[in-house]
Amino acid sequence: MFSVAKRALPYVDAFALGTLRYLVGSVLFIALLWAIEGRQALRFDGRIVPATAFGMIGITGFNVLVWVGLTHTRPEHAAIIMSLQTPLIALTLWLTRGQRPATFVLGCVAAALAGVFLVVTKGNPFNAFEGGTLLGDALVLFGAIAWVTYTLAAGRFAGWSPLRLTVLTCIPGAVGLLIVNAIAIGIGLAQVPSAQAIAAVGWQLAYFSTCTVVLGVLGFNFGVKHLGPLNTMLMLNLVPVCVFAIEAWLGRAFAATELVGAALVIGALVANNLHQRRAIATV
């Protein structure tokens, strides 16, 4: 997703990219939910406020922050920062519910943050300020926080299938993207993409709508329900591995510190997952 999006942004700006992918994806979602669970499943049943809130945070917030951030940073930076969602969940539960992580977990969080530091700075803090990547990295981090908030919302919608949860939060999220896009156009931060620009990234938009929205978000929510947030987030560690591999295949050369940092992040998150599994098994 990050590698493809980075190369689509010169043709369609970040606001339009997020809006287009979710408008098309939402139409596909509605048709899918109607076909599988029936028209009645499209009702919010008194939960329209929380569904709208979490849709705006997770879908609107994530897309605006990550795509605008990606404009100012590299795909591998975005991928490695997004992989921090596992420790972010642990820290969020600590702050909001008073569930202090174990010392080992906090150590893994520190190691993961150190790894991100190496990737972003290549070992030199001043590198973070070159080329405006620090702003992009910060926006992607806030996007990751938005997605963590969305992930933790699943428990508030008992009785809803993962498909219904996905669709009924994507609809207000897509509306939010449309509103933000309109505001950005109105104040001169974005422009309406031309038909030629959309055609130039036609296959990318088709990929985003079907794979990263319908299959990606739906698969993620199914994972959270059946595997739990911990194991689902562990699978996201494959994202930076894939991005680094794709960028290397496309000719990108990485500094040794970037590779060490990526390995440190992934290793810390895997270690944390294994620790949590042992802790659950002994309860």
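R7 and E247 pair up in a salt bridge, with their closest N and O atoms 3.1 Å apart; the term is used here for a side-chain nitrogen of Lys or Arg within 4 Å of a carboxyl oxygen of Asp or Glu. R7 sits in helix α1 (residues 2-8) and E247 in helix α11 (residues 238-249), so the bridge ties together parts that are 240 residues apart in sequence. Helices here are DSSP runs of H or I with at least four residues, strands are runs of E with at least two, and both are numbered from the N terminus. The model is a predicted one, in which local features need pLDDT of at least 70 and side-chain atom pairs count only at pLDDT 80 or more, while totals for chains, interfaces and linings use all residues. Residues are numbered from 1 along each chain as its sequence is written, and side-chain values use heavy atoms, with hydrogens and water left out.

The two partners sit in unlike surroundings: R7 is partly exposed at 36% relative accessibility, whereas E247 is buried at 4%. Buried stands for under 20% relative accessible area, exposed for over 50%, and partly exposed for anything in between (1.4 Å probe, protein chains only). In general, side chains of opposite charge can pair when their charged atoms come close.

The structure holds two salt bridges, and D45 with R164 makes another such pair, at 2.7 Å from N to O. This pair also links distant parts of the chain, since D45 is in the loop between α2 (14-37) and α3 (48-72) and R164 is in helix α8, 119 residues apart. D45 counts as exposed because its relative accessibility is 53%, while R164, at 10%, counts as buried. The backbone at D45 is worth a look too: its phi is near 50°, a positive value in a residue other than glycine. Most residues other than glycine have a negative phi.

As for the overall fold, the chain has twelve helices and zero strands. Its radius of gyration is 19 Å, close to the 19 Å that the globule rule gives for 283 residues, so the chain is as compact as a globular protein of that length. That radius is taken over C-alpha atoms, and the rule is 2.2 Å times the number of residues to the power 0.38. Along the principal axes, the C-alpha atoms fill a box of roughly 50 × 50 × 30 Å. Of the 283 residues, 46% count as buried. Contacts (heavy atoms within 4.5 Å) reach far along the sequence: among those between residues at least 6 apart, 86% join residues at least 24 apart. The accessible surface comes to about 13,200 Å², and carbon and sulfur atoms account for 71% of that; areas come from the Shrake-Rupley method with a 1.4 Å probe, and for residues only the protein chains shown count as cover.

Turning to the interior, the largest nonpolar core has 70 residues, and F2, Y22 and F29 touch the most other members. Such a core is a set of buried Ala, Val, Leu, Ile, Met, Phe, Trp, Tyr and Cys residues joined through side-chain atoms within 4.5 Å. Leaving out residues up to four places away in sequence, F29 touches L163, T166, V167, C170, V213, V214 and L218. Nonpolar side chains tend to be buried together in soluble globular proteins.

Some nonpolar side chains are on the outside, though. V175, I179, I183, I187 and L189 make a nonpolar surface patch of about 490 Å². Patches take residues with over 30% relative accessible area and no salt bridge, joining like charges within 9 Å and nonpolar side chains (Val, Leu, Ile, Met, Phe, Trp, Tyr) within 5 Å. L189 lies in the loop between α8 (162-186) and α9 (195-200) and is exposed, with a relative accessible area of 58%.

Back inside, E258 of helix α12 (residues 256-281) is buried at 0% relative accessibility. Beyond its neighbours within four places in sequence, E258 is in contact with E76, H77, L118, V119, K122, F244, R252 and A253. F244, in helix α11, is likewise buried, at 9%. With residues up to four places away set aside, F244 touches E76, V119, F254, E258, L259 and A262.
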